[in-house]
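Please open the structure in your viewer and keep the selection tool at hand. The tour proceeds from one selection to the next.

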Amino acid sequence: MEQGLTRQQVFSLLAKSPHGKLDEYFPVGSQACREDPEFFSHLIAWNGIKGEIRDAKVALPIVALATMRNGDSVPEFVDNAEAHLALLPPRDLLRGARAKQGRMRSVRRLVEKYLRAKESNAKSWDRMALQHRGSLKELYALFHVAPSPRANRILFQRQYPDKSVFADVARLKDMSPLEAAGTIVDRKIPFLIAVGALGPKAKDKDVLIALIDKMTPAQLTNNMKKLERLGVKNDPALKAALEQALSKARMGKGSALKLTKAVESLGDDELREKARAVQEAKLSRASVEGDWAVLCDRSNSMEAALPVALQIAAILARMAAGKVHLVFFSSEPQYLDVTGLTLEQIQKATRYMRVSGATSIGCGLNYLLANGIQVDGIAIVSDAQENTPPHFAGVMEQYSKAHSKQVPVYLYRLQAAMHGYLDRDLAQSMSERGLDLSEFDLQRQNIDYHSLPNLVQTMRTNRYSLIDEVMAAPLLRLEDVLRGELKVRKGA
Amino acid sequence: MVEQLKSMSVTRNDLEGLIELSAFARTFAAECDEVGVQKPDWLVSAQDALNTEIKARIRGNLLKRKSEISARLESLKTPQQRKSELSKELREIEAALA
């Protein structure tokens with residue numbers, strides 16, 4: 001991609017969190033796929049393994065199929081896109097199919113193969129139908145796929161086989177709490193299905209123990225406050241159930257920063273501490289090599305930069321293998337070593353920080369240079385409008401010379417509140433001197449904090465190593481997926 | 001590890017983490033005895049807190065497991081067993097009403 005999109009712009013796609021608006025992926029995604037379909041296909045595969053944003057896992061394969069519709073497309077790349085769609089649960093496949101370009105003939109054929117493959121295994125079809133009844137019905141209807149007789153009876157006629165899990169779910173409300181709890185565990189009934197079927201019995205202690213065990217990390221996050229109200233902290237058995245669920249959540253998938261919302265909403269100190277420990281454990285599992293510097297703009301009108309920079313510094317402090325240096329700059333630098341600190345600790349240490357003064361991004365780097373602090377990567381959180389020397393690009397040249405290496409620089413660009421006539425854009429200055437700068441565009445009103453760990457995860461001390469990692473992600477084949485050979489994908 | 005013990009929060013650690021801290025505290029205490037140094041107050045407090053929390057967690061786990069087993073036994077009862085239990089309960093009620 002020598003002209004047109006940069007790889008960094010393409011990576012920024014993965015950090016989008018459009019909350020269901022999949023069409024937002026199309027402008028950049030289509031261009032990326034047209035310009036470099038091989039890279040885009042490996043990106044789909046890499047995101048399937050490493051990505052945390054569900055929308056991207058749905059949208060990127062659809063973008064690929066929509067873009068590669070002509071006869072020139074490489075069959076392997078089309079197969080890879082279809083395979084990744086076939087890995088999705090029915091709800092997400094339906095969302096992809098409903099997106100602007102989702103009603104293609106190729107998607108229709110894929111949906112039919114998908115449904116037939118699922119029908120071929122009654123046990124796993126039952127589990128899927130239990131959880132995704134509505135989505136499955138819509139897939140059959142939207143794409144005019146005739147369900148098998150069994151699927152038709154269960155989905156459309158509500159005639160359940162004897163002793164099936166559907167029959168048990170229907171009976172949950174009539175069971176005693178103890179029997180209901182045992183049935184939930186025995187039949188592995190998903191949390192949401194059980195709660196829907198149980199009604200008021202869901203508050204019973206024995207039932208709660210069974211339900212907590214069934215919660216996914218995301219469900220645990222969303223229901224923490226409710227569990228708190230139900231007295232989970234005061235009962236030893238419920239507390240033990242919650243501890244075990246949180247232990248699973250530490251190791252499981254799911255956004256660490258989504259936990260932040262749940263954590264902060266908790267009134268109870270003990271529960272909040274437990275949830276924070278999970279959040280930190282999750283962030284610590286991802287890793288970024290090397291020592292890093294985060295340069296945070298605290299010049300006038302950069303109130304938005306402070307919380308973003310603190311989040312990034314906290315994420316890096318958990319993820320980075322090495323040291324993390326936080327430098328606030330306006331026309332003077334202010335330094336803080338945040339290695340290993342939590343967000344709470346960083347916020348406490350910077351609670352008196354205020355915005356004021358002019359903008360000299362270079363003074364932040366100058367501090368590191370003057371104090372002999374060597375880093376392997378730099379993240380800048382700023383609107384990138386410098387108006388006071390030293391300018392960053394000039395100091396960067398000196399820094400590179402002093403340490404005999406080119407350090408990658410990542411700019412988290414925030415909305416500029418105003419433009420002065422002295423302002424010079426950092427990206428332009430860097431380009432004029434032939435220096436590399438990778439940019440993440442955060443110029444929107446509401447910054448999505450959930451996407452920040454995804455962005456931080458793509459930062460590398462060697463700017464080419466991420467590309468190598470992406471290209472090494474294996475492409476999938478639809479045939480293999482439908483045969484069920486790829487039930488669980490582990491991180492590469 | 002000493003710093004971890006001094007600044008530990010029993011809430012933040014899972015059971016394995018607590019056991020690890022407890023093992024270290026025990027070793028540290030034994031070493032204090034061995035070299036003839038009085039155990040520091042923070043160590044005594046830490047050991048008390050750890051012992052209490054570990055016992056509470058183990059008890060909680062056992063109570064949770066008891067609940068799970070009871071629930072599963074209940075769900076595994078045959079209709080005949082349920083009928084028999086209900087009949088017995090009915091007889092007891094009728095006897096009480098007589």
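A residue counts as buried under 20% relative accessible area, as exposed over 50%, and as partly exposed in between. The model on the screen is predicted.

Begin by selecting F156(A). With a relative accessibility of 37%, F156(A) lies between the two cut-offs and is therefore partly exposed. Add Y140(A) to the selection; this residue is buried, at a relative accessible area of 2%.

Across all chains, the structure contains eight aromatic pairs. One of them joins Y140(A) and F156(A) edge-to-face, with 6.3 Å from centre to centre and 75 degrees between the planes. Y140(A) belongs to helix α9 (residues 133-142) of chain A, whereas F156(A) sits in the loop between α10 (149-155) and α11 (165-171), 16 residues apart.

Next, select Y410(A) and F440(A), which are both buried. Their ring centres are 6.0 Å apart and their planes meet at 10 degrees, so this pair is stacked. Here strand β6 (residues 409-413) supplies Y410(A) and strand β8 (residues 438-441) supplies F440(A), 30 residues apart. Extend the selection to W292(A) and Y412(A): ring pairs link these two with Y410(A) and F440(A) into a cluster.

Finally, select chain B. Four helices and zero strands make up its secondary structure. The radius of gyration of chain B is 24 Å, well over the 13 Å of the globule rule for 98 residues, so chain B is more spread out than a compact globule. Its C-alpha atoms fill a box of roughly 75 × 30 × 20 Å along the principal axes. Of the 98 residues of chain B, 28% are buried.

Conventions:
Residues numbered from 1 in each chain as written. Chains lettered and ligands numbered in written order. Predicted model: local features only at pLDDT ≥ 70, side-chain atom pairs only at ≥ 80, totals over all residues. Heavy atoms only, no water. Helix = DSSP H or I, 4+ residues; strand = E, 2+ residues; numbered from the N terminus. Rg over C-alpha atoms; globule rule 2.2 N^0.38 Å. Buried < 20%, exposed > 50% of the residue type's maximum accessible area, 1.4 Å probe, protein only. Phe/Tyr/Trp six-rings, centres within 6.5 Å; stacked < 30°, edge-to-face > 60°.
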